[in-house]
Amino acid sequence: MNTVPRGWTDFGARRIAILSLVTVTLLIQSASYAMAHNVTPGDAGYIQEIWGVNIIPFMYLGAKHMVTGYDHILFLFGVVFFLYKMKDVGIYVSIFAVGHSTTMLAGVWFGWGINAYIVDAIIGLSVVYKALDNLGAYQRWFGVQPNTKVATLIFGFFHGTGLATKLLDYEIAPDGLLANLLAFNVGVEMGQLMALAVILIVMGFWRKSPNFFRQAYTANVIMMAMGFILMGMQITGYFVAA
């Protein structure tokens with residue numbers, strides 16, 4: 001069960017503000033080098049040139065996308081932040097996988113396309129949502145706790161739609177399309193498991209610290225700031241490109 005610990009303690013608004021500012025600055029500086037759900041020019045050229053079934057290359061591309069997709073990693077980090085049992089981690093990660101796999105496969109197969117800036121802004125919103133959820137904001141503000149499993153599934157749909165939208169831009173060859181998409185999705189899940197393993201190892205050590213809960217507050221504030229920056233980048237891009 002995804003629970004929010006009670007007794008958050010604010011150990012310094014100034015410290016939180018400084019950390020948030022540093023995070024925002026780093027994100028802005030890195031924005032010109034990486035964008036959410038982007039496929040690198042080399043990979044894009046490869047996708048456009050190949051024909052037929054290419055299982056291993058598409059598995060590699062899927063895994064590479066996941067481990068370098070910071071929006072995925074941020075959301076996944078938020079989802080498992082307060083999950084202490086491996087059973088619960090497995091449930092939530094599986095729900096997320098079902099969500100993004102469904103819309104990624106269906107989106108490319110049926111040619112469903114959504115404006116990339118809009119869907120990536122929603123993905124940034126998913127990071128903000130999860131950070132606020134971890135901070136217990138909805139319970140304090142509205143007196144209710146949203147269904148975390150349903151939210152994870154819904155945002156999983158948007159994460160998959162974002163990837164499908166980018167893949168559609170590269171017009172993957174129809175010959176072997178289904179097999180290649182399935183291989184790509186398997187690669188995405190492999191990459192997700194690798195990222196999850198690193199997150200869980202780090203979280204395991206971190207949770208042993210007596211200062212974990214104080215630091216967790218700051219970490220989720222920073223994660224929320226990252227989500228807002230991702231949203232801002234995409235919304236700005238939408239109006240600039242219009």
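**Entry 1: α6 against α10**

I started with the pair α6 and α10, whose axes lie 8 Å apart and pack at an angle of about 165°. Keep in mind that I am reading a predicted model here. Angles over 145 degrees count as roughly antiparallel, and α6 and α10 are therefore roughly antiparallel to each other. I also looked up the handedness: α6 passes α10 in a left-handed crossing.

**Entry 2: α6 against α8**

Next I turned to helix α8, residues 148–168. How do the axes of α6 and α8 cross? I found that they come within 9 Å and cross at roughly 155°. α6 and α8 are therefore roughly antiparallel to each other as well. The crossing of α6 past α8 is left-handed.

**Entry 3: a salt bridge from α6 to α8**

I then went looking for charged pairs, and the count of salt bridges comes to two. One of them joins Asp120 and Lys166, with the closest N and O atoms 3.4 Å apart. This pair links distant parts of the chain, since Asp120 sits in helix α6 and Lys166 in helix α8, 46 residues apart. So this salt bridge bridges two helices whose axes I had just noted as coming within 9 Å.

Are the two partners buried or exposed? The cut-off for buried is under 20% relative accessible area. Asp120 has 3%, so I put it down as buried. Lys166 has 12% relative accessibility, so Lys166 counts as buried too.

**Entry 4: a salt bridge within α6**

The other pair I wrote down is Asp133 with Lys130, where the closest N and O atoms are 2.7 Å apart. Where do these two residues sit relative to each other? Both are in helix α6, and because they are three residues apart, about one helical turn separates them. I checked the accessibility here too: Asp133 is buried, and so is Lys130.

**Entry 5: the nonpolar patch**

From the charges I moved on to the surface. Which residues form the nonpolar patch? I listed Ile114, Tyr117, Ile118, Ile235, Tyr238 and Phe239, which together have about 540 Å² of accessible area. Two helices, α6 (116–134) and α10 (212–241), each supply at least two residues of the patch. The largest share, three residues, comes from α10. This brought me back to the helix pair of my opening entry, with the α6 and α10 axes 8 Å apart.

I picked out Tyr238 for a closer look and found it in helix α10. Its relative accessible area is 33%. Buried would need under 20% and exposed over 50%, so Tyr238 is partly exposed at 33%.

**Entry 6: Ile50 in a loop**

I also visited a loop, the one between α2 (41–49) and α3 (55–68), where Ile50 is found. With a relative accessibility of 14%, Ile50 counts as buried. What is the separation between the C-alpha atoms of Ile50 and Ile172? I noted 8.4 Å, for two residues that are 122 residues apart along the chain.

**Entry 7: the whole chain**

Last, I stepped back to the overall picture. How many helices and strands does the protein chain have? The tally is 10 helices and zero strands. Read along the sequence, the pattern is α-α-α-α-α-α-α-α-α-α. Of the 242 residues in the protein chain, buried residues make up 49%. Among these buried residues are Asp120, Lys166 and Ile50 from my earlier entries.

Methods. Residues are numbered from 1 along each chain as its sequence is written. This is a predicted model: local features need pLDDT of at least 70, side-chain atom pairs count only at pLDDT 80 or more; totals for chains, interfaces and linings use all residues. Side-chain values use heavy atoms; hydrogens and water are left out. Patches are made of residues with over 30% relative accessible area and no salt bridge: like charges are joined within 9 Å, nonpolar side chains (Val, Leu, Ile, Met, Phe, Trp, Tyr) within 5 Å. Accessible areas come from the Shrake-Rupley method with a 1.4 Å probe; for residues, only the protein chains shown count as cover. A salt bridge is a side-chain nitrogen of Lys or Arg within 4 Å of a carboxyl oxygen of Asp or Glu. Helices (H or I, at least four residues) and strands (E, at least two) are DSSP runs, numbered from the N terminus. Buried means under 20% relative accessible area, exposed over 50%, partly exposed in between (1.4 Å probe, protein chains only). Axes are lines fitted to C-alpha atoms, for helices over the stretch in contact, and angles run from 0 to 180 degrees between N-to-C directions. Angles under 35 degrees count as roughly parallel, over 145 as roughly antiparallel, 65 to 115 as roughly perpendicular and the rest as oblique. A crossing is left-handed if the near helix is turned anticlockwise from the far one by less than a right angle, and right-handed if clockwise.
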